[in-house]
Amino acid sequence: MTGHRPGNDAGARSADDSRTRRSYLAGIAAGIGLVSGCLSGADGTGGAGDEDASSEPSHDGEDASGLSADDVPEFGVDESAQPTPMLLAAAIPDAEPLAFLDTFTVELAVGNVGGATITGQTTTVAASVQSDSADSLHDSVSEPDPVAVELPDIAVGEWERVEVELRVNAGTTWTITADAREHPAFDPSFEVNPRRLAAGDTVVSDVGGFEITALESRFERALHYRTEEGGVGLLPEDATGLLSASDGHVLALHRFRVTNKSDRSLGFGQVIADNAFADAGIRTDPGATVTADAMRDSLETLVLDGGVPFGDNKIAAGESADLVAIQELRETEIPDSTLTLSLWGETEDVRFEAVDDTPPLPDFELVDATISARDGADPTIEVTVENVGDAPGTFRGGLQFYETRPTASDWVYLPEGIAVTIDPGERVTESVPATRGDERFRVTPFERKLSV
């Protein structure tokens, strides 16, 4: 297709341009309008070709619209046929790469391969998802409605330009389709990139009635989560679990807010009648998001603040929910870190940018860890930690006791963890009672073992 779009790694628009485009998109109704008419050639005539064999297009040169005679293939004429439009070539004149929820203009070269002048005819043109997936991505995307286009008068063997305004609502490969014949050389495919959002940027979709806002990314050495793994045997009890990054790595928290702009309940990431998208999912680069297994509990990778699983939440009309996806990556890879949200399961619709440069980070070292003797009361674990990094940060630690269990880890979390903010060069000591367990304990993420 003439004017074929670059791939998904194309650069982002400026923030001002994105806001202007978002304001424009917000005012567009679900049924997309059109701009139709003839864009005549350089000579303004659209002269005739050889009606007995193949027709040479008459539009010489190229104008600013982007479609020229060089783009139009030769086409034959059937003198005995009714006036017959044929799609010969297509171009998207806008120089910027297309992105999720863009409205854009397509130029079509429409030829007359019949034996009489085309007069007063209408054709429908649509943007349609191109999918070879066995799961039929095409059927899962609620594509914008086709647009009815009134064709200009086209003489036998001639062609004219027609402009059509279309919209796309998924980051994937699309095609131009119409209820007219297509020339064998007609290339209808084009790429749609994810909408890139930096912190504070917003995109609004009329599909599902939601608004997505990128929030500031965070980088942590470790995270706490609530788990019922703190019991022994068949008696689960609440405990404070710890998800920690390995040496030289951090946990990137990609955060975004979903607001329900409709007047109905929204089950974000679920197939329900109130919205039109299925099985929302996430992709990260580089690496992958942290899995539920790594958190040793039933939490999903993508969760609501407060620990509500991503796929099980409901967002009431007018309400918002903050979500976060956790990614472990090397410190040196932070500037390359992105999260891509797919609203349809296989597409790439919204891409959240993290940061341009690696920010200053805290780094924590264990100075000392002790446990008091059991004197009739619970022993106390005392931990001293120093921040040897370049920025203040919150140290999060986990405390465990040892108990042989046939179906789970032998190291079991205690009810309380450690969470304390430490400035660079500062040491802090925290004490936690060992309310469960007997003789053997451990301080994570340092894996320091202690005995009563």
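**Reading contacts and burial**

Q: Let's start with a single residue: why does Arg-436 count as buried or exposed?
A: This is a predicted model, and the way to read burial is to compare relative accessible area with a cut-off: buried means under 20%. Arg-436 comes out at 16% relative accessibility, so it counts as buried.

Q: Which residue does Arg-436 form a salt bridge with?
A: For a salt bridge, look at how far apart the closest N and O atoms are; the cut-off is 4 Å. Arg-436 pairs with Glu-237, at 3.1 Å. Arg-436 sits in the loop between strand E29 (427–433) and strand E30 (440–444), and Glu-237 in the loop between strand E16 (222–227) and strand E17 (239–244), so the bridge ties together parts 199 residues apart in sequence. Glu-237 is partly exposed, with a relative accessible area of 38%.

Q: How many salt bridges are there?
A: The count is 11. One of them joins Asp-102 to Arg-195, with the closest N and O atoms 2.7 Å apart. Asp-102 is in the loop between E4 and E5 while Arg-195 is in strand E12 (residues 195–197), so parts 93 residues apart in sequence get tied together. Both Asp-102 and Arg-195 are buried.

Q: What about Arg-257 and Asp-322?
A: They form a salt bridge too, at 2.6 Å between the closest N and O atoms. Here the link runs from strand E18 (residues 249–260), home of Arg-257, to strand E21 (residues 320–330), home of Asp-322, so it ties together parts 65 residues apart in sequence. Arg-257 is partly exposed at 29% relative accessibility, and Asp-322 is partly exposed at 21%. Elsewhere, Arg-218, Glu-220 and Arg-396 are joined into one network by salt bridges that share partners.

Q: How many aromatic pairs are there, and how do I read one?
A: A pair of aromatic rings is described by the distance of the centres and the angle of the planes. There are five aromatic pairs here. Take Phe-104 and Phe-190: their centres are 5.6 Å apart with 65° between the planes, which is edge-to-face. Phe-104 is in strand E5 (residues 103–112) and Phe-190 in strand E11 (residues 189–191), 86 residues apart. Phe-104 counts as buried at 5% relative accessibility, and Phe-190 is buried at 0%.

Q: Which residues form one aromatic cluster?
A: Phe-364, Phe-395 and Phe-446 do.

Q: Which residues form a negative surface patch?
A: Asp-247, Asp-363, Glu-365 and Asp-390. Glu-365 is in strand E24 (residues 364–371) and, at 45% relative accessibility, counts as partly exposed.

Definitions and conventions
Residues are numbered from 1 along each chain as its sequence is written. This is a predicted model: local features need pLDDT of at least 70, side-chain atom pairs count only at pLDDT 80 or more; totals for chains, interfaces and linings use all residues. Side-chain values use heavy atoms; hydrogens and water are left out. Patches are made of residues with over 30% relative accessible area and no salt bridge: like charges are joined within 9 Å, nonpolar side chains (Val, Leu, Ile, Met, Phe, Trp, Tyr) within 5 Å. Accessible areas come from the Shrake-Rupley method with a 1.4 Å probe; for residues, only the protein chains shown count as cover. A salt bridge is a side-chain nitrogen of Lys or Arg within 4 Å of a carboxyl oxygen of Asp or Glu. Lys and Arg count as positive and Asp and Glu as negative; His and the chain ends are not counted. The place of a charge is taken as NZ of Lys, CZ of Arg, CG of Asp or CD of Glu. Helices (H or I, at least four residues) and strands (E, at least two) are DSSP runs, numbered from the N terminus. Buried means under 20% relative accessible area, exposed over 50%, partly exposed in between (1.4 Å probe, protein chains only). Rings of Phe, Tyr and Trp (its six-membered ring) pair if their centres lie within 6.5 Å; planes under 30 degrees apart count as stacked, over 60 as edge-to-face and the rest as tilted.
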